[in-house]
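Please open the structure in the viewer and display the protein as a cartoon with the ligand as sticks. The tour below proceeds by selection, one stop after another.

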Amino acid sequence: MMKISQKIKDIAQDIKTMKVRGAGKIASSAAKALSITVQESKVKSSDELVMELEATAKLLLKTRPTAVSLPNAIRYVMHRVREAQERNCGLEDLRQATIEAASAFILNSAKAIKRIGEIGARRIEDGDCIITHCNSATVTAVLKTAFNQGKSFKVFASETRPRFQGRLTAETLSAFGIPTTLIVDSAIRFFMAKMDKAVVGADAVTANGAVVNKIGTSIMALVAHESQVPFFVTAETYKFSPETLLGQPVKIEERDSSEVVPLEELRKMPNVTIKNPAFDITPPEYIDLIITERGIIPPQAAVMIIKEEFGSITTKELWEHQTYLIRDEEP
Ligand code: RUB
């Protein structure tokens with residue numbers, strides 16, 4: 001059993017408790033944890049270093065199950081670690097390869113978000129009323145870029161119960177000078193007819209073009225469809241799920257009931273059960289466009305992105321993060 005440092009445990013805990021949240025930030029944080037692992041390591045062989053990296057990966061993969069960016073970030077780094085290992089490079093080179101791979105992932109992620117901002121901003125027009133859900137760095141990038149270009153528009157943010165990430169969105173946008181209205185989630189249909197566009201982020205995009213995002217996203221999409229409001233999704237390509245090509249569904253995280261009703265209040269309702277799924281699935285029929293850093297695609301083209309992005313990954317690597325989890329459950 002490999003010993004895991006307190007620093008790595010803290011990163012995992014921050015992801016689990018949502019101190020670090022949003023699929024993009026979770027992914028970069030995971031890459032950083034792998035980099036820290038090799039920087040702190042005191043092992044004497046490459047094999048042991050890889051074992052330490054696997055232990056960190058295992059821990060990270062257990063934090064939050066839905067954001068596909070997390071296994072994809074780990075896969076990105078570990079793929080390069082294995083390539084270096086196959087070249088029989090020494091311990092120091094392996095350490096360096098890990099640090100470089102993690103930095104490259106983090107840098108590419110920042111570039112992708114910026115690029116999505118630029119591409120997405122082209123879709124925002126003067127006078128637009130735009131509705132969004134939850135809090136997404138890519139959606140924020142689109143809105144900030146459009147605003148910086150001098151476009152004048154309004155944003156409606158749904159508050160996103162139970163963790164109220166919509167308030168974060170409202171706070172960020174208003175600090176930036178963008179006129180923002182905060183609404184309760186159940187008011188989405190009440191306002192939808194007045195909207196010109198809906199834009200949301202993604203935790204995962206599946207091979208058939210469905211989008212997994214914060215609970216309530218699919219209701220917003222359904223209502224947008226009813227009102228003929230275009231529904232856009234912003235997603236870096238590392239949010240596309242290669243596992244879904246193998247027919248593996250994206251796991252929807254079920255969070256603690258105390259996020260909905262505090263424990264002491266729940267005790268007063270002995271026959272009440274709380275369900276708290278954190279994400280839902282929006283089918284491709286309700287999505288007009290997915291804005292990626294590589295351009296805009298219809299949801300039906302998601303499979304092409306997956307094949308291009310992850311085509312070189314072996315089936316073994318594809319299943320690896322699940323293997324980590326299975327191994328961990330063994331007695
Ligand atoms: C966050 C959420 C965001 C996506 C995309 O959920 O659903 O819309 O992660 O965000 P949570 P980003 O708050 O539970 O992590 O574009 O920042 O990756």
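The stops cover the ligand and its surroundings, then the sheets, and finally two loops.

This is a predicted model, in which local features need pLDDT of at least 70 and side-chain atom pairs count only at pLDDT 80 or more, while totals for chains, interfaces and linings use all residues. Residues are numbered from 1 along each chain as its sequence is written, and side-chain values use heavy atoms, with hydrogens and water left out.

**The ligand**

Begin by selecting the ligand together with the residues near it, that is, those with a heavy atom within 4 Å. The ligand has 18 residues around it, and those that come nearest are Arg21, Ala137, Asp203, Asn213 and Lys214.

Next, show the side chains of Arg21, Gln165 and Lys214 to inspect polar contacts (pairs of N or O atoms within 3.5 Å). Arg21 places a polar side-chain atom 2.5 Å from a ligand oxygen. For Gln165, a side-chain N or O atom is 2.8 Å from an oxygen atom of the ligand; for Lys214, the corresponding distance is 2.7 Å. On its own the ligand has 460 Å² of accessible area (Shrake-Rupley method, 1.4 Å probe), and the protein covers 99% of that area.

Colour the secondary structure now; helices (H or I, at least four residues) and strands (E, at least two) are DSSP runs numbered from the N terminus. Two or more residues of the shell come from each of α2 (23-40), α6 (137-148) and β6 (211-214). Which classes of residue make up the shell around the ligand? There are six nonpolar, seven polar and five charged residues, where Ala, Val, Leu, Ile, Met, Phe, Trp, Tyr, Cys and Pro count as nonpolar, Asp, Glu, Lys and Arg as charged, and the others, Gly among them, as polar.

**The seven-stranded sheet**

Select the strands in the order β3-β2-β1-β4-β7-β9-β10, which form an open sheet of mixed pairing; two strands pair if DSSP finds at least two bridges between them. β3 (180-183) and β10 (295-297) are the edges: each has a single partner strand, so one side of each is left without a neighbour in the sheet. At the β10 end, β9 (residues 289-292) pairs with β10 in the antiparallel sense over three bridges, and Ile290 stands opposite Ile297.

**The three-stranded sheet**

Move to β5-β6-β8, an open sheet with antiparallel pairing. Its edges are β5 (204-205) and β8 (279-282), each with a single partner strand, so one side of each lacks a neighbour in the sheet. Two bridges join β5 and β6, and Ala204 stands opposite Val212 in β6.

**Two loops**

Select Arg161 and Pro162, which are joined by a cis peptide bond with omega about 0°. Pro162 is in the loop between β2 (154-158) and α7 (165-176).

Finish at Asn88, in the loop between α4 (69-86) and α5 (91-121). Asn88 has a positive phi, near 60°, although the residue is not glycine.

Technical notes. Polar contact = N/O pair within 3.5 Å; in protein donor to acceptor, adjacent residues only side chain to side chain.
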